[in-house]
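Visitor: Could you walk me through this model, starting with the terms you rely on?

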Amino acid sequence: MRSIVKNDTVKVISGNYKGKTGKVIKVLVEKDRVIVEKIRMVKRHTKARSAQQPGGIIEKEASVHISSVMLVCPKCGKPTRTRTGQLASGKKVRVCSSCEEMITGE
Ligand SMILES: [Zn+2]
């Protein structure tokens with residue numbers, strides 16, 4: 001069970017963006033990194049492809065290491081650690097360590 005999945009809200013706990021929150025756009029599973037909306041924006045230069053797509057500089061999110069973000073519990077609103085719980089059906093779920101509520105996602 002992954003602690004952070006796509007569409008989670010996370011809080012950055014270290015680095016330049018410390019204290020900011022954002023939504024997880026993508027989890028790079030093999031690299032243990034996540035891409036978070038509006039966090040760690042970097043400028044990328046793009047080449048013109050056509051008249052409709054002129055080249056230029058676009059801003060795009062770069063990934064951050066999964067250890068530098070913490071899940072914000074949708075139930076209690078606190079940045080929290082999760083543990084894995086199990087439903088009666090056998091399905092594994094994440095459980096908030098602060099409020100003990102089940103956190104859905106993925
Ligand atoms: Zn909670």
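Guide: Gladly! Two strands pair if DSSP finds at least two bridges between them. Helices (H or I, at least four residues) and strands (E, at least two) are DSSP runs, numbered from the N terminus. This is a predicted model: local features need pLDDT of at least 70, side-chain atom pairs count only at pLDDT 80 or more, and totals for chains, interfaces and linings use all residues. Residues are numbered from 1 along each chain as its sequence is written.

Visitor: How many helices and strands does the chain have?
Guide: Read along the sequence, the pattern is β-β-β-β-β-β-β-β-β-β-β. The secondary structure therefore comes to zero helices and eleven strands under the DSSP-run definition.

Visitor: What is the strand order in the open sheet of six strands?
Guide: Let's build it from its pairs. S1 (residues 9-12) pairs with S2 (residues 21-28) in the antiparallel sense over three bridges, and Thr9 has Lys23 as its bridge partner in S2. S1 also pairs antiparallel with S7 (residues 69-72) over three bridges, where Val10 stands opposite Leu71. The sheet, with antiparallel pairing, has the order S6-S3-S2-S1-S7-S8.

Visitor: Which strands stand at the edges, each with a single partner strand?
Guide: On one side, two bridges join S3 (residues 33-36) to S6 in the antiparallel sense, and Arg33 has His65 as its bridge partner there. An edge strand has a single partner, so one side of each is left without a neighbour in the sheet; these strands are S6 (64-65) and S8 (79-80).

Visitor: Which side chains along S1 point to one face and are buried?
Guide: In a regular strand the side chains alternate between the two faces of the sheet. A residue counts as buried if 20 or more other C-beta atoms lie within 10 Å of its own, exposed if 12 or fewer, and partly exposed in between, with C-beta atoms placed from the backbone. In S1, Thr9 and Lys11 point to one face and are not buried, while those that point to the other face and are buried are Val10 and Val12.

Visitor: Which element gives the most to the largest nonpolar core?
Guide: A nonpolar core is a set of buried Ala, Val, Leu, Ile, Met, Phe, Trp, Tyr and Cys residues joined through C-beta atoms within 7 Å. The largest one has 16 residues, and Ile4, Val10, Val24, Val34, Val36, Val64 and Val69 touch the most other members. The elements that give two or more residues to this core are S1, S2, S3, S7 and S10. With three residues, the one that gives the most is S7.

Visitor: Which residues does Val64 touch, not counting those up to four places away in sequence?
Guide: Contact here asks that two C-beta atoms, placed from the backbone, lie within 7 Å. By that test, and leaving out residues up to four places away in sequence, Val64 touches Val12, Gly15, Arg33, Val34, Val36, Ile39, Arg40 and Val69.

Visitor: What is the order of the open sheet of three strands?
Guide: Five bridges join S9 (residues 82-86) to S10 (residues 92-96), which run antiparallel, and Gln86 stands opposite Lys92. S10 then pairs with S11 (residues 102-103) in the antiparallel sense over two bridges, with Arg94 opposite Ile103. The resulting order is S9-S10-S11.

Visitor: Which residue in the turn between S9 and S10 has a positive phi?
Guide: S9 and S10 form a hairpin with five residues between them. Ala88 is found in that loop, and Ala88 is exposed because 5 other C-beta atoms lie within 10 Å. The residue in the turn with a positive phi, about 100°, is Gly90.

Visitor: What radius of gyration does the chain have?
Guide: The radius is taken over C-alpha atoms, and the globule rule is 2.2 Å times the number of residues to the power 0.38. The C-alpha trace spans about 55 × 30 × 25 Å along its principal axes. A compact globule of 106 residues would have a radius near 13 Å, but the chain has 17 Å.
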